[in-house]
Amino acid sequence: MMMRNILVIRCTNLQHLDKVFKRLRAEFPDAKTTLLTHRHGAAQAASYTEAVVVYPYTKNYGFFRGMKSLSEMNFDAVVIPVGNVSGSGFLNVFLFTLTIKAALRFTCNSALELKPLPKRKIIALLLRNILYTTTSAMLTTVASSVLLVGWPVFALLTKGDKRR
């Protein structure tokens, strides 16, 4: 596959990022790479030969905090370096990539494997996250209710019990 313009979103440590850039240069030697980083990482990013774009917000990357300057650019691919093998914990970054015009999305894990990240997978991860959060909230509510009601009832029923 021919890649000419790649955006790398910094959301991992610099040591991993160095390895990711090395991998991308080997895989796509003619590609122009651009690094997106937060303000607090701009000074370290200046040491890279890649073009650097600074994320204007201090909070995490997010779907509702897209960047006008990025939305005007077109990329062949967006690469999200993830600091683990599975990519779990990076849903906010995956959602953020949906605000960027890109033909393809990839994660680059700690083993430096480039794994495709289609839009439908991002949506599926979001739906799974919503399902887990909702289920967890409901189960917590039920368990709390049982404890809040059951504990005083149990205490009243055993108050006169002298078996201790």
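Is Thr-158 buried, partly exposed or exposed, and what relative accessibility puts it there? In this predicted model, Thr-158 comes out at 26% relative accessibility, so it counts as partly exposed. The close-ups below start from that residue and then move on to two other spots.

**View 1. Thr-158 and its link to a backbone oxygen in helix α5.** Thr-158 belongs to helix α5, which covers residues 119–158. Its side chain gets to within 2.8 Å of something: which atom is the partner of Thr-158? That would be the backbone oxygen of Phe-154, reached at 2.8 Å. For a sense of scale, the C-alpha atoms of Thr-158 and Leu-70 sit 66 Å from each other, with the two positions 88 residues apart along the chain.

**View 2. A nonpolar surface patch with Val-149 in it.** Four residues build this one: Leu-148, Val-149, Val-153 and Leu-157. Together they make a patch of about 450 Å². Zoom in on Val-149, and you're looking at another piece of helix α5. Val-149 has 56% relative accessibility, so it counts as exposed, the cut-off being over 50%.

**View 3. Thr-12, tucked into a loop.** Here we're in the loop that runs between β1 (5–9) and α1 (14–27), where Thr-12 is found. With a relative accessible area of 11%, Thr-12 is buried, because that value falls under 20%. Its side chain pairs up with the side chain of His-16 in a polar contact at 3.2 Å. Leaving aside residues up to four places away in sequence, Thr-12 also touches Leu-17, Pro-81 and Gly-83.

Methods: Residues are numbered from 1 along each chain as its sequence is written. This is a predicted model: local features need pLDDT of at least 70, side-chain atom pairs count only at pLDDT 80 or more; totals for chains, interfaces and linings use all residues. Side-chain values use heavy atoms; hydrogens and water are left out. Patches are made of residues with over 30% relative accessible area and no salt bridge: like charges are joined within 9 Å, nonpolar side chains (Val, Leu, Ile, Met, Phe, Trp, Tyr) within 5 Å. Accessible areas come from the Shrake-Rupley method with a 1.4 Å probe; for residues, only the protein chains shown count as cover. A salt bridge is a side-chain nitrogen of Lys or Arg within 4 Å of a carboxyl oxygen of Asp or Glu. Helices (H or I, at least four residues) and strands (E, at least two) are DSSP runs, numbered from the N terminus. Buried means under 20% relative accessible area, exposed over 50%, partly exposed in between (1.4 Å probe, protein chains only). A polar contact is a pair of N or O atoms within 3.5 Å; within protein, one must be able to donate a hydrogen and the other to accept it, and residues adjacent in sequence count only if both atoms are side-chain atoms. Contact means heavy atoms within 4.5 Å.
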